[in-house]
Amino acid sequence: MITTKKKDFKEIERYIENLESFFLIGCSECATLCGTGNEEAILNLKQWLESNNKKVTGWMIAKTGCQILGTKRQLSQYRKNIEEAQCIMVLSCGAGTQTITELFEEKPVIPVNDTLFIGNMRRFKEFEERCRACGECFLAITGICVVTLCPKSMLNGPCGGYKEGKCEVNPMRKCVWTVAYEILEKRGVVEKFYENILGPKDWSKANSPRQFKEK
């Protein structure tokens with residue numbers, strides 16, 4: 001999931017100081033799980049805006065904020081509310097915010113959240129980065145993403161700096177290559193650790209902006 005955190009209201013103030021009316025859009029997917037795009041987050045923002053003598057013309061929660069056509073259909077029933085607003089504020093990830101920008105280029109669109117990383121939710125509102133969306137996945141070989149979890153993004157490890165199974169960069173954490181070895185050992189395929197020496201990574205697959213269309 002895409003992990004987001006709410007911006008400080010002091011930062012948002014800078015973007016809206018000359019605007020008076022707003023339509024608010026959340027997202028029922030990742031941002032809701034992060035607590036940054038659900039109904040509570042929207043109502044808190046609405047309360048803050050109104051306490052600063054701003055007008056909220058309406059709000060809605062998109063089923064999937066980054067899905068352009070689906071969000072466009074959902075928003076059609078709020079056309080009048082959106083027309084009355086000078087600005088649209090989006091409680092989603094950066095992709096969801098840019099969906100709204102594409103649909104309403106004539107209006108200012110303000111992101112309420114900062115987008116952090118693709119992560120796993122260990123506990124409610126507790127997230128860990130696990131994937132860098134690098135375009136070339138080695139999980140079948142390593143079990144965990146060494147590109148993301150190793151601070152040096154080493155494709156073959158451990159490095160010469162690890163000590164007693166701990167990471168050189170962050171000694172509080174286990175070396176990710178130690179963890180990878182243990183996973184393969186539990187699967188009974190630890191020979192893969194030695195057989196699959198990875199060559200230079202093709203970072204061109206991670207060049208931005210990227211596009212993908214299923215054939």
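Two exercises with worked solutions follow, on a predicted model.

Residues are numbered from 1 along each chain as its sequence is written. Local features need pLDDT of at least 70 and side-chain atom pairs count only at pLDDT 80 or more, while totals for chains, interfaces and linings use all residues, and side-chain values use heavy atoms, with hydrogens and water left out.

**Exercise 1.** Work out what radius of gyration the protein has, and set this value beside that of a compact globule of 215 residues.

Solution. Begin with the rule, which takes 2.2 Å times the number of residues to the power 0.38, the radius itself being taken over C-alpha atoms. For a compact globule of 215 residues the radius would be near 17 Å, whereas the protein has 22 Å. Next, turn to the C-alpha trace, which spans about 65 × 45 × 25 Å along the principal axes of the protein. Finally, note that buried residues (under 20% relative accessible area, with a 1.4 Å probe and protein chains only) make up 37% of the 215 residues.

**Exercise 2.** Locate Thr 36 in the chain, decide whether Thr 36 is buried or exposed, and list which residues Thr 36 touches.

Solution. First, helices are DSSP runs of H or I with at least four residues, numbered from the N terminus, and Thr 36 lies in the loop that separates helix H2 (30–34) from helix H3 (39–51). Second, Thr 36 counts as buried because its relative accessibility is 6%. Third, leaving aside residues up to four places away in sequence, Thr 36 touches Thr 4, Lys 5, Lys 6, Ala 31, Ala 41, Leu 91 and Asn 113, where contact means heavy atoms within 4.5 Å.

Technical notes: Buried means under 20% relative accessible area, exposed over 50%, partly exposed in between (1.4 Å probe, protein chains only). Helices (H or I, at least four residues) and strands (E, at least two) are DSSP runs, numbered from the N terminus.
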